[in-house]
Amino acid sequence: MEGKALANNNGSNYKEMLRRVFNKKTAPFWLLAPTFIYYLVFWFSPIFISIKEVFTTLDGKFTVLGNFLFLFEQETFLPALLNTAFFAVASVMLQFVIALVLAILLNRKFKGQKLILFLVMIPMAITPTAVAIVWKTGLISSGWINSILQSFSVLEERIPFLGLRGIEAVIMIILIDTWTVMPSVLIILIAGLGNINEETKEAAYIFGASKWRIIKDITIPLLKPSIITAVILRMIAAVQVWAVVVMVMGFTNVPFLVERIAYYVGPVSSLPYADKLAYTYSFLTAVIVFIATIVYFKISKKGTALDRRTQK
Amino acid sequence: MNKLNGIQKTLIALVLATVVIAVIVPLMFFFTNAFSNGREVYDYPKTPILSFTVKVQVSYNEDTGMYIVKYYDRNGELQNAVNTSFGEILSGYFEQYLSVYRTPEELLEQFEITKTEGPQEFTYGKNMWHNFKTFFLITSKAEEALVNSIIVVIFTIIISLTLGSMAGYAFARFRFKGKDQINVFMLIVRMFPMVGISIPLAVILIRFNLFDTMIGLAILYSLPNIALTSWITSSIFVGINRELEEASLVFGANGFQTFIKITLPLALPALAASSMYAFLTAWNDTISALILTNDHPTLALAVYQAIGDNTTNLQYAAAGSIILIIPALIFTFVIRKYVNQMWGGVSV
């Protein structure tokens, strides 16, 4: 009761205090504080733990390179690194070329354009786990891919797709990946094309430029910000490929960086050194992605779609 | 300038047709697979067309007293199925391998005629939901996993939309020190691989007693999505006319009412797009769920664990995948019209 009376007496003081704490100057601080605390607890501290794990040995002693050297000694490390690198570069290039051609073709209005766009977008909404099943039903030796090849009498014997290893297997996974993520590249490029001023193209046409020259000298240069955004976002995602690999090819057959993490936290998690390897692999993957992000940010600062918008 | 000649038109049509076929054909085969019975799965070559019936040929062997059941595959060829005199075995085989639900007595009664009339053909309607039922039977926690997935999606959307739109509003409406640095930081968080965080996050969640809970998972999924939401919403808040808000304030609404009645409806497309990305992160992830749960899987994880790297009985896996795909498809296409408004400006 006493406290309440006091509060009533000092009501104006409280309001004054509230005003001092919540005003225009402090508003951004209060709006950002929850996110800041959230990231401090659930983002910074895990990273701190992870760094600590990567730089200590199994018996808790400090080491700079110990865990990395142990990682490099693993037979699957080098294939995993090379496969991931090849996958990231080749899949992104392939997806980009297909998406660019489609974006230019679908950018003009014609009958059925919306329907085609809708159909092409479908794979994007399919869960990776399900994508793996879609393709697994095709890749088994009695699967639909062999069925199609057979019915066009392209081949006599069934191809054992699931038995492929090495570079051939990586190429197969690139094709599967392209099927599902090409639409997300397409979206960015179509959005970018929508922003290009039609009049620029018309002017070039009036001055006698051919369609090919317009695409090469006007469309693509103006599309560059969207292209950079799409390519780097895809690369960052491509480094983290794993679910499709494991579900189609099984563990260890075609090693990738994140596939290795899943392997050490999954089937062999009881091994004494499994945790260390998982930490080191995820640290390495994070460093690669981090560098890619910084590169992305440096390039995009020079004027991407995002940047133009925030400056408006 | 927009006129194309005949050859160009044909070429374009060819390219587009190829792409559409490349998208549709795998889906058709996959869909057919999800509704195939245990025999059709191994038919070769396969057809991408659903079958609703099963045709069998039954004959009676007088010496052994057994019914010899043969199965017509999708190419019309006869394949051995089962030889037995027991109704239970017949009924069991029909259910497990042909997706045909008949009682032993019913089958025996129908087959009686082959004793006198010689081999006969029978056509049965398939139970189209057999694979879906079996998926829930063989995946011990499938129902729980479905509920878990929905819960974790809701938590993720709530956390990332609340925190993210607050941050987005701050970025859009206020000037403050360190804005650029915070922006870069948010971008790094957004790009940071979730696997890298999930292993050490397990340690922290155990400390908070949140390991193996849906809140724990939602906490992880919200990490990139808070940053993404703040980015998407801030670009929309910038576009919302400030004068509208000021007018509302002049007419006597308080700050909260203005936010609810004016700002929020205008920001709806941004919130819809953000919730779509939050939905997709939480719904599609398997690896983090694998790391952060023990006994309470999400649906994507349950499907993954049910299949592992098996190559047999893919029809059940396909049925499970359809259950997994449908909510994502519905959610994506319901929200698409809002997202379409966004794609013009924000490229994600």
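**Notes on the predicted two-chain model**

1. A good place to start is helix H2 (residues 87–98) of chain B, which lies across E1, E2 and E3 of chain B and runs at about 145° to E3(B). Please keep in mind that this is a predicted model.

2. The strands beneath that discussion belong to an open sheet of 4 strands in chain B, with the order E3-E2-E1-E4 and antiparallel pairing. Its edge strands are E3 and strand E4 (120–125) of chain B, each pairing on one side only. From one strand to the next, the twist averages 30°.

3. Now for the pairings in detail. Strand E2 (residues 66–72) of chain B and strand E3 (residues 78–84) of chain B are antiparallel, with 6 bridges. Within this pair, Ile68(B) has Asn83(B) in E3(B) as its bridge partner. The hairpin of E2(B) and E3(B) has 5 residues between the strands, and Gly76(B) takes a positive phi near 85° there.

4. Strand E1 (residues 53–61) of chain B runs antiparallel to E4(B), and 6 bridges join the two. Here Glu121(B) in E4(B) stands opposite Gln57(B).

5. Turning to chain A, the domain assignment gives domain 1 (2–54) and domain 2 (66–311). Taken over C-alpha atoms, the centres of these two domains of chain A are separated by 42 Å.

6. Finally, the contact between the chains: chain A brings 79 residues and chain B brings 71 residues. On the side of chain A that touches chain B, helix H3 (residues 27–54) of chain A gives the most, with 14 residues. By class, that side of chain A has 53 nonpolar, 21 polar and 5 charged residues.

Note on methods. Residues are numbered from 1 along each chain as its sequence is written. Chains are lettered from A and ligands numbered from 1 in the order in which they are written. This is a predicted model: local features need pLDDT of at least 70, side-chain atom pairs count only at pLDDT 80 or more; totals for chains, interfaces and linings use all residues. Two residues are in contact if their C-beta atoms, placed from the backbone, lie within 7 Å. Ala, Val, Leu, Ile, Met, Phe, Trp, Tyr, Cys and Pro count as nonpolar, Asp, Glu, Lys and Arg as charged, and the others, Gly among them, as polar. Domain bounds come from an automatic or database domain assignment. Two strands pair if DSSP finds at least two bridges between them. Axes are lines fitted to C-alpha atoms, for helices over the stretch in contact, and angles run from 0 to 180 degrees between N-to-C directions.
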